[in-house]
Amino acid sequence: MPSIAFNANGKPVSVAADGDTPLLDILRNHLGLVGSKFGCGLEQCGTCMVLVDGQPVKSCGKAVSTVAGKNVLTIEGLGTPERPHPLQQAFLDEQAGQCGYCLSGILLSAKALLDRNPAPSRRDIALALDDNICRCGSHHRILRAVEKAAAQMRQGGAR
Ligand code: FES
Ligand code: FES
């Protein structure tokens, strides 16, 4: 079994796995990073979204071999309960979500957006989240929360 090395949330990891194994399976089953969720398994819902070198990637459809040597960010690396990322705080403040199943993917897509565009319009946010489905219909609160986080980050809370 080959060994595949990459960085997960800033820490070097190495896993012995078939290179075709979906990254999502490696994150959840080998590394215990269960914040990334399995939804459709068909690259349709975005609940498995992670960032690879800053770009949103649906990890259910991404072979782990393709992230060798790269930086993978999952929800576990975004913030902590003691020090939440401004996006996480804004989602809490706006109560943006119900069951929460979609939120790790949405938060990571939103982070990628704010990293490249600190002042997105509501349309920019909607387009950036186009690949993330929320079955609970929390879309309006989610849009508000991303706008709020963007404003707070522009005022100095960025990281
Ligand atoms: S589980 Fe990956 S897109 Fe749905
Ligand atoms: S909060 Fe339930 S799917 Fe989005």
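In which sense, right-handed or left-handed, does α2 pass α3? I would like to start there, and I should say at once that we are looking at a predicted model, so that everything I describe is computed from that model. The answer is that the crossing of α2 past α3 is right-handed.

Let me stay with this pair of helices for a moment. The axes of α2 and α3 come within 10 Å, and they cross at roughly 125°, which makes α2 oblique to α3. On the α2 side, the residues that make the contact are L87, Q88 and F91, while α3 brings L103, I106, L107, A110, K111 and L114. If we sort the residues of this contact by class, we find 7 nonpolar, 1 polar and 1 charged. Within α2 itself, P86, L87, Q88, A90 and F91 are buried, and after the helix comes Q95, whose phi is positive, near 50°.

From the helix pair we can move to the core. The largest nonpolar core has 28 residues, and those with the most contacts inside it are L87, F91, I106, L114, L129, I142 and V146. At least two residues of this core come from each of α2 (86–93), α3, α4 (122–128) and α5 (139–157), and the helix that gives the most is α3, with 8 residues. Another core, of 16 residues, lies apart from this one, and among its members are V15, I26, V57 and V72. Going back to L129, if we set aside residues up to four places away in sequence, its contacts are I106, S109, A110, I142 and V146.

Now, where does A112 sit? You will find A112 in helix α3, which covers residues 103–116. With a relative accessible area of 4%, A112 falls under the 20% limit and is therefore buried. Leaving out residues up to four places away in sequence, A112 touches L51, G54 and P56. The C-alpha atoms of A112 and Q55 are separated by 6.3 Å, although these two residues are 57 residues apart along the chain.

P56, which we have just met as a contact of A112, belongs to strand β4. Its relative accessible area is 33%, so P56 counts as partly exposed. Not counting residues up to four places away in sequence, P56 touches M49, V50 and L51, and also S109 and A112. From C-alpha to C-alpha, P56 and I106 are 9.9 Å apart in space, with their positions 50 residues apart in sequence.

Before I finish, I would like to point out two loop residues with a positive phi. In D53, which is not a glycine, phi is about 50°, and this residue lies in the loop between β3 (49–52) and β4 (55–58). Its relative accessibility is 43%, so D53 counts as partly exposed. N9 is not a glycine either, and its phi is positive at about 55°; you can look for N9 in the loop between β1 (3–8) and β2 (11–16). At 23% relative accessibility, N9 also counts as partly exposed.

To return to the opening question, then, α2 passes α3 in a right-handed crossing, and α3 is also the helix that gives the most to the largest nonpolar core.

Notes: Residues are numbered from 1 along each chain as its sequence is written. Chains are lettered from A and ligands numbered from 1 in the order in which they are written. This is a predicted model: local features need pLDDT of at least 70, side-chain atom pairs count only at pLDDT 80 or more; totals for chains, interfaces and linings use all residues. Side-chain values use heavy atoms; hydrogens and water are left out. Helices (H or I, at least four residues) and strands (E, at least two) are DSSP runs, numbered from the N terminus. Buried means under 20% relative accessible area, exposed over 50%, partly exposed in between (1.4 Å probe, protein chains only). Contact means heavy atoms within 4.5 Å. A nonpolar core is a set of buried Ala, Val, Leu, Ile, Met, Phe, Trp, Tyr and Cys residues joined through side-chain atoms within 4.5 Å. Axes are lines fitted to C-alpha atoms, for helices over the stretch in contact, and angles run from 0 to 180 degrees between N-to-C directions. Angles under 35 degrees count as roughly parallel, over 145 as roughly antiparallel, 65 to 115 as roughly perpendicular and the rest as oblique. A crossing is left-handed if the near helix is turned anticlockwise from the far one by less than a right angle, and right-handed if clockwise. Ala, Val, Leu, Ile, Met, Phe, Trp, Tyr, Cys and Pro count as nonpolar, Asp, Glu, Lys and Arg as charged, and the others, Gly among them, as polar.
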